[in-house]
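Subject: Structure for you to look at

Hi,

Here is the structure I said I would pass on, with my notes underneath. Open it next to this email and follow along.

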Amino acid sequence: MAKTEFDEFVAHDVKKQKGISHPVKASTLERFFVKKVSFESLHPNANDEFTFSEIGPSYKIIAEYEENFRHCIRRNQPVEMEPLTVEKLSPKGYLILNGHHRWAAAKKVGLKKLPVKIVNLAQESDIKKILEKSKHDKRVTLDLDEVILRPKDSPYLEKSLNFPFNLRYKQRIRLGIPALFYFLSKNAYDIWIYSANFYSIDDIKRFFFHYSVNVDGIITGAAKKKESDENSAKIEKMLANKYRETIHIDNELLLLTHKNSEEFKEFPLNSDAAEWSKSVIDIIEGLENARISKKES
């Protein structure tokens, strides 16, 4: 298939789905297993750079996948493919979140069914409900992959979950994260977790539930979002209007910003320290005490 032909195929499918399909929540059972679905039920994502006319797919990557698939076919072997990450659509079908190049190669070799992993992402309506329910005007943001989850060989980790939950949730979290989240909730901060990867928000909530802590908001797949994505823009606007104060916690830095102000404060952190979480709490306690003193004066 020539490049222009494939471009037209993608553009036609994106156009055909616009105004008809919309994401819906998949059940726990649907999300638990990898399943195979028909090629026709899978649709390219209008908010992924794969479909952008100015960027588009990498035909080199597609060719590499295609060769691997054809190699299996020539040897009469099952085609081994990493599952595509998808979101369930209404009235039918699935939106591709990750795996467009595998999907394209599958089309070129004529595969009829592809393995998929279904996830539930946060939609505008989900964020709106969270913000309406919240009585707080302060929030803390953390990156799930870069800050909270740590390599298994890290010296400072919380204990792994007990059986059988450790079979489903194999990630390990930084020492002190549950205590930090408890402190933040107790001091009227909403906790927002971000990830560039496509985790299901239900799974992340349940993961932290097993550590007896609450997470207020979860936004995943941020790295794949198109900046002009209407849904993403609305979500960011709602968040900006809701919170008077935002504290972003990184590995080596705590950043304090205020609504409608360009002023900010930075506080250094030691990412390798055993008491990383305690140092974060100490900084926030200092900010809270300074705020109380200012009111009393």
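**Starting in the core**

Let's begin with Phe 208: setting aside residues up to four places away in sequence, Phe 208 touches Leu 144, Ile 148, Ile 177, Phe 181, Val 213 and Val 215. Phe 208 belongs to the largest nonpolar core, a group of 46 residues, and Phe 181, Phe 208 and Ile 249 have the most contacts inside it. Helix H11 is the element that gives the most to this core, with 6 residues. There is another core lying apart from it, made of 23 residues, including Ile 96, Ala 105, Ala 106 and Ile 118.

**The whole chain**

One thing to keep in mind: this is a predicted model. The mean pLDDT of the chain is 92, and 95% of the residues reach 70 or more. If you compare the elements, helix H10 (residues 230-242) has the lowest mean pLDDT, at 82, while strand E3 (residues 42-43) has the highest, at 98.

In total you'll find 11 helices and 14 strands. The C-alpha trace spans about 75 × 40 × 35 Å along its principal axes. Of the 297 residues, 43% are buried. The accessible surface is about 17,000 Å², and carbon and sulfur atoms account for 52% of that. Now take the contacts between residues at least 6 apart in sequence: 73% of them join residues at least 24 apart.

**A sheet with a helix on it**

Next, look for the open sheet of 6 strands, which runs in the order E11-E10-E7-E12-E13-E14 with mixed pairing. Its edge strands are E11 (217-219) and E14 (264-268), each pairing on one side only. On average, neighbouring strands here are turned by 20° against each other, ignoring direction.

Helix H8 (residues 177-186) packs on this sheet, where H8 touches E7 (138-143), E10 (189-194) and E12. The direction of H8 makes about 135° with that of E10.

Within the sheet, have a look at E12 (residues 245-249) and E13 (residues 253-258), which run antiparallel and are joined by 5 bridges. You can find one place where they face each other at Glu 245, which stands opposite His 258 in E13.

**Where H8 meets H11**

Two residues are worth clicking on here. Leu 180 sits in helix H8, and Ser 277 sits in helix H11 (residues 276-296).

Is Leu 180 buried or exposed? Leu 180 is buried, because its relative accessible area is 0%, and the cut-off for buried is under 20%. Ser 277 has a relative accessibility of 5%, so Ser 277 counts as buried too.

What does Leu 180 contact, leaving aside its neighbours within four places in sequence? The contacts of Leu 180 are Ile 249, Trp 276, Ser 277, Val 280 and Ile 281. Going the other way, and again not counting residues up to four places away, Ser 277 touches Leu 175, Gly 176, Ile 177 and Leu 180. For a sense of distance, try Leu 180 and Lys 133: they are 47 residues apart in sequence and 22 Å apart in space, C-alpha to C-alpha.

**Around E5 and H4**

Now move to strand E5 (residues 94-98), which is mostly covered, with 4 of its 5 residues buried. E5 pairs with E3 in the parallel sense over 2 bridges, and there Leu 42 has Tyr 94 in E5 as its bridge partner. E5 is also joined to strand E4 (residues 84-90), this time by 4 bridges and running antiparallel. In that pairing, Glu 87 has Leu 95 in E5 as its bridge partner. E4 and E5 form a hairpin with 3 residues between them, and Gly 93 in the turn has a positive phi of about 100°.

A little further along is helix H4 (residues 100-109). How many of the 10 residues of H4 are buried? The count is 7, so you can call this helix mostly covered. The buried ones are His 100, Arg 102, Trp 103, Ala 104, Ala 105, Ala 106 and Val 109. Just after H4 comes Gly 110, which takes a positive phi of about 85°.

That's the tour. Click through it in whatever order you like, and send me your questions.

Cheers

Definitions and conventions: Residues are numbered from 1 along each chain as its sequence is written. This is a predicted model: local features need pLDDT of at least 70, side-chain atom pairs count only at pLDDT 80 or more; totals for chains, interfaces and linings use all residues. Side-chain values use heavy atoms; hydrogens and water are left out. Buried means under 20% relative accessible area, exposed over 50%, partly exposed in between (1.4 Å probe, protein chains only). Contact means heavy atoms within 4.5 Å. Two strands pair if DSSP finds at least two bridges between them. Axes are lines fitted to C-alpha atoms, for helices over the stretch in contact, and angles run from 0 to 180 degrees between N-to-C directions. A nonpolar core is a set of buried Ala, Val, Leu, Ile, Met, Phe, Trp, Tyr and Cys residues joined through side-chain atoms within 4.5 Å. Accessible areas come from the Shrake-Rupley method with a 1.4 Å probe; for residues, only the protein chains shown count as cover. pLDDT is the predictor's confidence in each residue, from 0 to 100.
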